[in-house]
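Reader: Could you take a close look at the charged side-chain pairs of this model, and then follow the other contacts outward from there in one connected account? I would like burial to be set beside each contact.

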Amino acid sequence: MNVMLAAALLFLAQVPGPQVLTFFSPVDDTDQPYGLYLPKDYNEAKKWPLVISLHGATSNHRLNLRRVFGQGNRAGESDSEATRYWPTMKDIDMIVATPLARGTMGYQGIAEDDVYRVLDDVKKRFSIDEDRVYLTGLSMGGGGSLWLSLTKPDVWAAVAAVCPAPPLGTDALAGNALNLPVKLFQGDQDPLVPVAQTRRWAETFLKLGVRGEYVEYPGVRHNSWDKAYADGSIFDWFAPLKRERDPERVRYLSANPRYRAAYWVELDSFTPGTLASIDAVRSGAAVEVSTANLDGFTLKRKVSRVVIDGQKLNAQSMSFTRVNGKWREGRAAAPSKWKGPISEVTAKRHIYVYGTADDPATEELARRRAEAQGLTNWSILPRQPLLLTLAAMADREVTEKELAQSNLVLLGDARTNSLIAKYAADLPLTLKPGAADYTLVTITRTRDREIAVVTGKPISFAPRPFTPNPLANDYVLLRAGETAASGFFTRDWKPTQTLPDVVEVH
């Protein structure tokens with residue numbers, strides 16, 4: 001019966017044309033939708049190109065599948081009306097997938113994970129050419145396409161960003177596109193994404209030697225996708241491009257341990273929050289490497305000679321570490337404890353846990369429960385809630401199974417929350433008693449799971465696209481809702497700044 005059901009589902013998933021499929025997300029145990037276009041001549045015997053397209057703010061996967069084919073709304077038609085049916089779409093020899101990625105939350109964290117799960121789901125269902133996987137997006141999705149392609153450039157064959165509004169910090173990674181063709185589109189009268197911003201991106205790519213193209217539309221406002229995607233023309237630009245699997249030169253930058261490898265280089269050791277970089281050029285049996293803020297790396301291609309920052313070494317293990325300012329062979333030691341930032345805790349499956357250890361009165365217990373439940377609502381547009389279901393529970397309700405499977409956001413202190421008491425020895429910072437106007441959010445040094453502790457009045461954990469994210473730090477101290485201090489921990493878990501005396505440093 002199971003075999004028959006699987007066969008039936010496979011058949012349904014291979015109906016040509018536009019449609020909606022789902023994948024299962026372990027982040028919140030839900031089925032998440034994505035749009036899909038399947039060519040009418042699709043067959044398993046052939047490897048097919050795949051285009052992943054990311055929607056803009058207030059949009060969705062169904063509308064975006066229309067947009068990328070150049071099919072805008074009809075005259076006088078609202079987005080809601082356009083969502084209800086599929087127009088006739090150009091027949092192309094590509095598969096196209098359009099993630100919902102929860103809605104309007106940008107393309108980092110959980111939404112970013114969704115995009116890669118869509119990519120994996122399409123690869124499982126269909127015969128995909130791994131060297132012809134393309135990425136595009138408009139507005140918020142254009143910014144997301146830059147973020148995803150620059151953090152993992154070796155996944156994609158090319159990227160096309162339309163009036164892109166990227167997350168803050170994306171520009172520092174522009175050099176990662178060295179082996180990735182990039183095309184930018186922008187209207188010069190865009191009131192939401194300034195034309196000067198996209199021009200700077202184009203200039204930066206040019207200076208860095210990236211194979212970039214820039215198309216600017218005179219008189220066009222924020223709907224530049226109408227021209228960029230007209231008649232499905234973006235597919236024609238993608239068609240001849242293939243992924244560079246094994247480039248002679250790799251340039252890779254990262255400030256987050258989540259992103260640590262591309263092509264044939266891997267960053268083994270650097271300080272999170274500090275931009276580390278490697279520029280490796282291979283010539284025959286030799287590699288010349290330049291680094292910045294990097295203490296260890298591995299080359300995934302065998303060579304016999306390596307020059308690192310002017311220092312010559314013989315290559316045996318292909319891993320190198322910096323000791324007392326000098327490079328030597330050997331793999332850099334892994335950090336003894338997991339290290340943030342806070343946003344990594346909420347980028348995966350996680351639970352908001354309120355305390356009951358002090359046996360609070362009924363009214364106080366209800367208040368704590370309401371605070372925790374409030375943090376599970378990440379929607380920033382009331383009329384368009386995110387398709388996201390997060391859990392809040394009392395400390396006594398958290399099972400060993402949940403502890404093993406979930407990250408934790410712990411609310412309260414060691415007196416009120418038994419789980420904070422459990423991990424108290426791993427807290428690098430605590431808020432002193434009586435600091436009523438303050439809120440402290442910090443990661444812990446524990447390695448068996450990723451934990452954030454919120455002492456004081458809880459703050460919003462909802463991602464805010466296009467705005468600074470204070471949770472992109474290892475710790476945040478707020479006073480009356482305003483950031484009083486934020487930053488990263490050093491390798492010995494000390495804050496990178498002197499904190500107000502309301503904070504105890506351990």
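**Charged pairs and their surroundings**

Author: The side chains of E248 and R282 come together in a salt bridge, with 3.1 Å from N to O. This pair connects distant parts of the chain, for E248 sits in the loop between helix 8 (233-238) and strand 9 (249-254), whereas R282 belongs to strand 12 (residues 276-283), 34 residues apart. The model is a predicted one, and each distance discussed here should be read with that in mind. The two partners of this bridge fall into separate classes of accessibility: E248 counts as partly exposed at 43% relative accessibility, while R282, at 11%, counts as buried.

A second charged pair can be set beside the first. R67 forms a salt bridge with D79, and the closest N and O atoms are 3.2 Å apart. Since R67 lies in helix 2 (residues 61-68) and D79 in helix 3 (residues 79-82), the pair ties together parts that are 12 residues apart in sequence. Here R67 counts as buried, at 11% relative accessibility, and D79 counts as partly exposed, at 32%.

In the third pair, K123 and E130 meet through their side chains in a salt bridge of 2.9 Å, N to O. For K123 the relative accessible area is 28%, and the residue is partly exposed; E130 likewise counts as partly exposed, at 34% relative accessibility. Beyond such pairs, a network of salt bridges links D358, E364, R367, R368, E371 and R415. In total, the structure holds 32 salt bridges. As a general point, side chains of opposite charge can pair when their charged atoms come close.

Charged side chains also meet aromatic rings. K46 lies over the face of W48, at 3.9 Å from the ring centre, and R66 lies over the face of Y85, at 4.9 Å from the ring centre.

The rings pair with one another as well, and a search of the whole structure finds 15 aromatic pairs. One of them is formed by W201 and F205, a tilted pair with 5.5 Å centre to centre and 45° between the planes. These two residues are 4 residues apart in helix 6 (residues 195-207), and W201 and F205 are therefore separated by about one helical turn. An α-helix has 3.6 residues a turn, so residues three or four places apart point the same way. W201 is buried, with a relative accessible area of 7%, and F205 is buried too, with a value of 2%.

The rings of F297 and W327 have their centres 5.2 Å apart and their planes at 65°, so this pair is edge-to-face. It links distant parts of the chain, with F297 in strand 14 (residues 296-299) and W327 in strand 18, 30 residues apart. Both F297 and W327 are buried. Elsewhere, ring pairs join Y37, F69 and F235 into a cluster.

The strands that carry F297 and W327 lead to a sheet. In the order 10-11-14-17-18, 5 strands make up an open sheet with antiparallel pairing. Strand 10 (261-262) and strand 18 (326-329) stand at the edges, each with a single partner strand, so one side of each is left without a neighbour in the sheet. Strand 10 pairs with strand 11 (residues 265-269) in the antiparallel sense, over 2 bridges, and V265 in strand 11 is the bridge partner of A262. Strands of a sheet pair through backbone hydrogen bonds, either parallel or antiparallel.

Two further places complete the account of burial. T98, which lies in strand 4 (residues 95-99), is buried with a relative accessible area of 0%, and its side chain reaches the backbone oxygen of H61 at 2.9 Å. Helix 5 (residues 140-151) has 12 residues and reaches 16 Å from its first C-alpha to its last, close to the 16 Å expected at 1.5 Å a residue. Because 12 of the 12 residues of helix 5 are buried, this helix is largely enclosed by the rest of the structure; the buried residues include G141, G142, G143 and G144, together with W147.

Notes:
Residues numbered from 1 in each chain as written. Predicted model: local features only at pLDDT ≥ 70, side-chain atom pairs only at ≥ 80, totals over all residues. Heavy atoms only, no water. Pairing = 2+ DSSP bridges. Expected span 1.5 Å × (residues − 1). Buried < 20%, exposed > 50% of the residue type's maximum accessible area, 1.4 Å probe, protein only. Phe/Tyr/Trp six-rings, centres within 6.5 Å; stacked < 30°, edge-to-face > 60°. Lys NZ or Arg CZ within 6 Å of the ring centre and 35° of its normal. Salt bridge = Lys/Arg side-chain N within 4 Å of Asp/Glu carboxyl O. Polar contact = N/O pair within 3.5 Å; in protein donor to acceptor, adjacent residues only side chain to side chain.
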